[in-house]
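Here is the note you asked for on this chain. The points are numbered so that each can be checked against the structure in turn.

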Amino acid sequence: MASVVRVPRLTDPLPRSGSCVAVVDHCMYVWGGHTQLLFEGDDGMYPVEEGLHDHFIDAYDIVHNTWLQHSISGDIPDLGNGSALIAFGHLLFLFGGWNDGDFSSDVYCLDTVSKIWEMVPLSDESIKPSPRYLTGTVLFDDLLCSFGGVGSPVPNLQPGATYTGFGQYGFDYGFGWNNEMFFYNINDRKWTIPHLVGQRPPPCGGVTFTMIDTHRALLFGGRQESGRVSSVYIFDFRDLHWSSPFKSTLPDEPWPAGRTFHTSCCLVDHMEVGNRRKKNVKVSQKILMLWGKGNDDKHCQDAWLLDVDTMSWKLFNLDMRPRMWHMACSYHTEDNRTDVILFGGNIRRRSQAEKHVVTGLTILSFGKFHNINKNTRLAFQYEFMNATLYSTPTCMHLRVYICHILHLIFLLTL
């Protein structure tokens with residue numbers, strides 16, 4: 001049993017983007033990503049991007065509004081960004097990622113009680129995804145379900161799947177998108193290939209894949225060969241069926257533009273939706289989609305709400321600076337409130353002295369409000385859907401650390 005260190009943080013964690021987050025109990029765990037440090041050179045200050053790899057993991061205690069830092073041990077993953085992090089009971093499963101030019105296909109498991117990482121050995125090595133990152137991954141029962149992603153050429157594509165390499169000006173960058181789908185069985189410790197039906201989405205990466213009820217997940221956005229898209233697909237785990245894409249059909253129909261590096265969160269607990277519908281109680285699921293990177297390679301300035309039942313979008317008025325490659329997750333309380341917790345990401349700089357990567361943590365709260373300590377959170381009322389935004393006072397401003405951007409060229413294309 002490793003020693004566990006729980007240190008209340010007087011300040012926020014390092015600014016970062018490209019991390020992954022998941023909630024266990026009432027703590028949001030943050031892993032990986034990149035930060036920026038300012039370096040002073042002959043020509044003044046310039047930003048240098050570096051990975052976040054250490055022997056600690058950051059966690060935000062949602063109930064007590066406190067940042068914690070836990071010491072970890074074991075097979076600590078060496079993954080930089082774009083990984084998928086999924087909570088299963090008190091366990092966190094990490095899949096894929098990109099670090100220093102290398103993609104990963106390994107599965108790691110963190111026991112949040114002992115704080116020990118394990119690189120999970122597969123019981124069957126004959127079926128395994130190729131190294132990739134920026135996949136869409138959700139949990140269904142005891143299965144980690146992964147779709148698509150960006151990575152090296154796939155040597156043996158599964159039946160019905162396609163790989164599209166990225167090339168520009170006659171140069172092959174050695175990576176591309178795929179539309180493979182894999183299920184990882186947590187108990188059996190092995191990957192399987194589902195026999196899909198319906199209209200499988202084209203090869204893509206940088207999507208969001210979100211459970212909307214007990215047996216369906218919604219895929220939105222991402223980068224395809226044609227560019228960044230805004231199509232919506234529904235996948236049904238009962239019959240392994242992909243829906244036809246939902247797209248904007250009318251010129252004046254409210255519909256978000258294509259994007260990657262956005263986030264999507266359910267405003268109703270997906271398990272509660274399924275349970276209520278079994279009792280013939282009507283429940284309308286909503287998806288909150290925030291910002292991202294558009295086809296002009298700039299920040300998307302808009303936030304949207306999707307009504308899943310009617311497949312209709314509505315702009316969500318959010319008075320915050322847009323981000324991309326930020327992190328967001330839903331936290332559903334017993335009093336039917338949903339907190340959408342936003343952390344990190346890249347912003348557009350107003351000046352050279354300002355960092356791209358931010359550390360601010362913001363909570364958007366939907367529904368009933370109880371036990372809010374206004375000494376530690378600042379509240380602002382929003383008009384739509386009774387949403388309230390909270391920001392911890394220590395996160396209300398952007399901090400200037402030392403900074404400069406040296407991203408590989410393919411990160412700019414996603």
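1. Start with R323, and keep in mind that this is a predicted model. R323 sits in the loop between strand 31 (312–315) and strand 32 (327–332). Is R323 buried or exposed? With a relative accessible area of 8%, R323 is buried, because the cut-off for that word is under 20%.

2. The surroundings of R323 can be listed. Leaving aside residues up to four places away in sequence, R323 touches W291, G292, H299, F343, G344, N346, I347, V358, G360 and T362. With one of these, G344, there is a close approach of polar atoms: a polar atom of the R323 side chain lies 2.9 Å from the backbone oxygen of G344.

3. The chain as a whole gives the setting. It has 2 helices and 36 strands. Of its 414 residues, 56% count as buried. Among contacts with a separation of 6 or more, 60% are between residues 24 or more positions apart. The chain exposes about 18,300 Å², and carbon and sulfur atoms supply 52% of that area.

4. Strand 23 (residues 216–220) is a good strand to look at in detail. Of its 5 residues, 4 are buried, so strand 23 is largely enclosed by the rest of the structure. Which strands pair with strand 23? Strand 22 (residues 208–211) is joined to strand 23 by 4 bridges, and the two run antiparallel. Strand 26 (residues 232–236) is joined to strand 23 by 5 bridges, also in the antiparallel sense.

5. Individual partners make these pairings easier to find on screen. Between strand 22 and strand 23, T210 has L218 as its bridge partner. The connection between these two strands is a hairpin with 4 residues. Between strand 23 and strand 26, F220 stands opposite V232, and A217 has F235 as its bridge partner.

6. Strand 26 deserves its own point. In strand 26, 5 of the 5 residues are buried, so the strand is largely enclosed by the rest of the structure. In a regular strand, side chains alternate between the two faces of the sheet. Here V232, I234 and D236 lie on one side of strand 26 and Y233 and F235 on the other, and all of them are buried, so both faces are covered.

7. Strand 26 also pairs with strand 27 (residues 241–242), antiparallel and over 2 bridges. F235 in strand 26 has W242 in strand 27 as its bridge partner. F235 is thus named in two pairings, with A217 and with W242. The hairpin of strand 26 and strand 27 has 4 residues between the strands, and L240 there takes a positive phi near 60°.

8. Aromatic rings come next: the structure holds 23 aromatic pairs. In one of them, Y60 and W67, the ring centres are 5.4 Å apart and the planes are at 55°, so the pair counts as tilted. Y60 and W67 are both buried.

9. A further pair is F183 with F237, whose ring centres are 6.0 Å apart and whose planes are at 40°, so this pair is tilted as well. The pair links distant parts of the chain: F183 belongs to strand 19 (residues 171–185), F237 to the loop between strand 26 and strand 27, and the two are 54 residues apart. Both F183 and F237 are buried.

10. Which residues do ring pairs link into a cluster? They are F140, F147, F183, F209, Y233, F235, F237 and W242. Among them, Y233 and F235 were met above on one side of strand 26, and W242 as the bridge partner of F235.

11. The last point concerns cysteines. A disulfide is a covalent bond between the sulfur atoms of two cysteines. How many disulfides does the model have? The count comes to 0. For C266, the closest cysteine sulfur is in C265, 7.9 Å away, which is too far for a bond because the cut-off is 2.5 Å. For C329, the closest cysteine sulfur is also in C265, at 6.5 Å, again too far for a bond. C266 is buried, with a relative accessible area of 6%, and C329 counts as buried at 9%.

Key. Residues are numbered from 1 along each chain as its sequence is written. This is a predicted model: local features need pLDDT of at least 70, side-chain atom pairs count only at pLDDT 80 or more; totals for chains, interfaces and linings use all residues. Side-chain values use heavy atoms; hydrogens and water are left out. Buried means under 20% relative accessible area, exposed over 50%, partly exposed in between (1.4 Å probe, protein chains only). A polar contact is a pair of N or O atoms within 3.5 Å; within protein, one must be able to donate a hydrogen and the other to accept it, and residues adjacent in sequence count only if both atoms are side-chain atoms. Contact means heavy atoms within 4.5 Å. Two strands pair if DSSP finds at least two bridges between them. Accessible areas come from the Shrake-Rupley method with a 1.4 Å probe; for residues, only the protein chains shown count as cover. Rings of Phe, Tyr and Trp (its six-membered ring) pair if their centres lie within 6.5 Å; planes under 30 degrees apart count as stacked, over 60 as edge-to-face and the rest as tilted.
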